[in-house]
Amino acid sequence: MAKQASDAIKRQQRAEALAATLPPLLAAAERVASTVAQGVHGRRRVGMGESFWQFRRYQPGDEVRAIDWRQTAKSRAVFVRELEWEASQSVWLWRDADPSMDYRSRPDLPTKRERAEILLLALASLLNRAGERIALVGGDGPPAAGRANVGRIALALSTASARPEADRVPRHAGIVLLGDFLDPLEEIDAEIASLADRGVRGHILQILDPAEATMPFAGRVRFEDFTGREEPVLVRRVEGVRDAFLARLKARQDGLATLARTAGWTCAVHRTDRPAEAALLSLFTAISGEVTGVPAERA
């Protein structure tokens with residue numbers, strides 16, 4: 001009970017901290033989205049579903065004609081009927097909430113988490129302009145369109161920490177995964193395969209700090225695991241392990257690219273010392289289908 005109370009307090013504190021930064025966070029995301037929007041075309045689609053998927057509560061921005069009056073009459077709440085086509089045409093967004101995402105090697109750089117959240121919200125803004133229905137994996141709302149939905153997603157980032165498990169995403173939907181992807185490849189493979197088996201179309205963006213991509217350190221260095229799962233490691237002369245580290249990183253990135261290619265997904269790499277616009281453009285064009293086989297940004 002005491003642990004649950006402590007966890008609740010921590011969640012509340014994080015929510016309050018994020019709420020305090022929300023206006024500049026959304027403003028920064030909107031600036032990035034506006035820059036990219038000038039060079040791309042919309043992909044608005046219209047259509048109706050055929051098979052029932054679920055009932056959900058009415059939200060501002062929903063069309064009145066989508067209200068299911070029979071279901072609404074059974075409750076004090078207003079319910080909307082969602083059809084399978086509409087659910088499958090949604091785009092689900094996920095950013096890694098692992099503690100490793102809080103790393104940055106220099107104070108003038110954003111953390112990996114900050115960059116991931118900026119990109120996620122900027123992508124949400126672009127997709128919203130294109131008329132897409134978007135949702136946050138682990139968020140508290142269904143896929144929806146409208147500017148207010150982007151704000152709801154921003155607020156939900158304070159507590160959303162769910163993994164992108166297949167049962168959280170409708171069949172044949174789209175999903176964008178933003179993270180450092182430093183977990184064992186076997187675990188990542190299992191998640192991607194389970195989503196791909198349901199016909200989910202995916203896009204992976206690995207976000208790295210420049211120090212993780214180049215290992216620029218010299219001399220005696222102590223490495224600590226942000227997750228707390230591994231003991232600290234003291235390397236007396238880091239130059240002696242640099243080549244091995246970079247080779248291992250390349251092997252991981254090659255493995256991640258192979259997993260994505262096998263699933264029919266796209267995969268790219270982004271560094272936090274580089275402009276967010278390039279990463280956002282590659283994601284949006286991949287989702288839009290304007291290009292195939294989007295090349296990875298060089299790390």
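Just after helix H4, Gly131 takes a positive phi of about 85°, in what is, throughout, a predicted model. The helix that precedes this glycine, H4, covers residues 112–129, and its geometry can be checked by simple arithmetic: at 1.5 Å a residue, the 18 residues of H4 should span 26 Å, and the end C-alpha atoms are 26 Å apart, which agrees. H4 is also mostly covered, with 16 of its 18 residues counted as buried.

Two salt bridges involve side chains of this helix. Within H4, the side chains of Arg113 and Glu117 meet in a salt bridge with an N to O distance of 3.3 Å, and because these residues are four apart in the helix, they are separated by about one helical turn. Both Arg113 and Glu117 are buried. A further contact leaves the helix: the side chain of Lys112 meets that of Asp180 in a salt bridge of 2.9 Å, N to O. This pair links distant parts of the chain, since Lys112 belongs to H4 whereas Asp180 lies in the loop between strand S5 (174–179) and helix H6 (185–197), 68 residues apart. As with the pair inside the helix, the partners here, Asp180 and Lys112, are both buried.

The loop between S5 and H6 deserves a longer look, for it is also where Phe181 is found. The phi of Phe181 is near 50°, a positive value in a residue other than glycine. Most residues other than glycine have a negative phi. His172 offers another case, with a phi near 65°, again positive in a residue that is not glycine. His172 lies in the loop between helix H5 (147–156) and S5, and with a relative accessible area of 39% it is partly exposed, while Phe181, at 8% relative accessibility, counts as buried.

Phe181 also leads to the aromatic contacts, of which a search of the whole structure finds two pairs. In one of them, Trp94 and Phe181 form a tilted pair, 6.4 Å centre to centre with 55° between the planes. Trp94 lies in strand S3 (residues 91–95) and Phe181 in the loop between S5 and H6, so the pair ties together parts that are 87 residues apart in sequence. Trp94 is buried, with a relative accessible area of 4%. The other pair is formed by Phe217 and Phe223, whose rings meet edge-to-face at 6.2 Å centre to centre, with 70° between the planes. Here the surroundings are more open to the probe by the numbers given for each residue: Phe217 is partly exposed, with a relative accessible area of 27%, and Phe223, at 27% relative accessibility, likewise counts as partly exposed.

Returning to charged side chains, the count over the structure comes to 10 salt bridges. Among the residues involved, Asp96, Arg163, Asp183 and Glu191 are linked in a network of salt bridges. Elsewhere, the side chains of Asp273 and Arg271 meet at 2.7 Å, N to O. The partners of this bridge fall on either side of the 20% limit below which a residue counts as buried: Asp273 is partly exposed, with a relative accessible area of 32%, and Arg271, at 11% relative accessibility, counts as buried.

On the surface, Tyr58, Val64, Trp69 and Val78 form a nonpolar patch with about 400 Å² of accessible area together. One of its members, Tyr58, lies in the loop between strand S1 (52–57) and helix H2 (69–73), and at 34% relative accessibility it counts as partly exposed.

These details can be set against the chain as a whole, which has nine helices and nine strands. Of the 299 residues of the protein chain, 45% count as buried, and the accessible surface comes to about 16,000 Å², of which 53% belongs to carbon and sulfur atoms. Residues 24 or more positions apart account for 75% of the contacts in the chain that have a separation of 6 or more. The bridge between Asp180 and Lys112, 68 residues apart, and the aromatic pair of Trp94 and Phe181, 87 residues apart, are individual examples of links between parts distant in sequence.

Terms used. Residues are numbered from 1 along each chain as its sequence is written. This is a predicted model: local features need pLDDT of at least 70, side-chain atom pairs count only at pLDDT 80 or more; totals for chains, interfaces and linings use all residues. Side-chain values use heavy atoms; hydrogens and water are left out. Patches are made of residues with over 30% relative accessible area and no salt bridge: like charges are joined within 9 Å, nonpolar side chains (Val, Leu, Ile, Met, Phe, Trp, Tyr) within 5 Å. Accessible areas come from the Shrake-Rupley method with a 1.4 Å probe; for residues, only the protein chains shown count as cover. A salt bridge is a side-chain nitrogen of Lys or Arg within 4 Å of a carboxyl oxygen of Asp or Glu. Buried means under 20% relative accessible area, exposed over 50%, partly exposed in between (1.4 Å probe, protein chains only). Rings of Phe, Tyr and Trp (its six-membered ring) pair if their centres lie within 6.5 Å; planes under 30 degrees apart count as stacked, over 60 as edge-to-face and the rest as tilted. The expected span of a helix is 1.5 Å times one less than its number of residues. Contact means heavy atoms within 4.5 Å.
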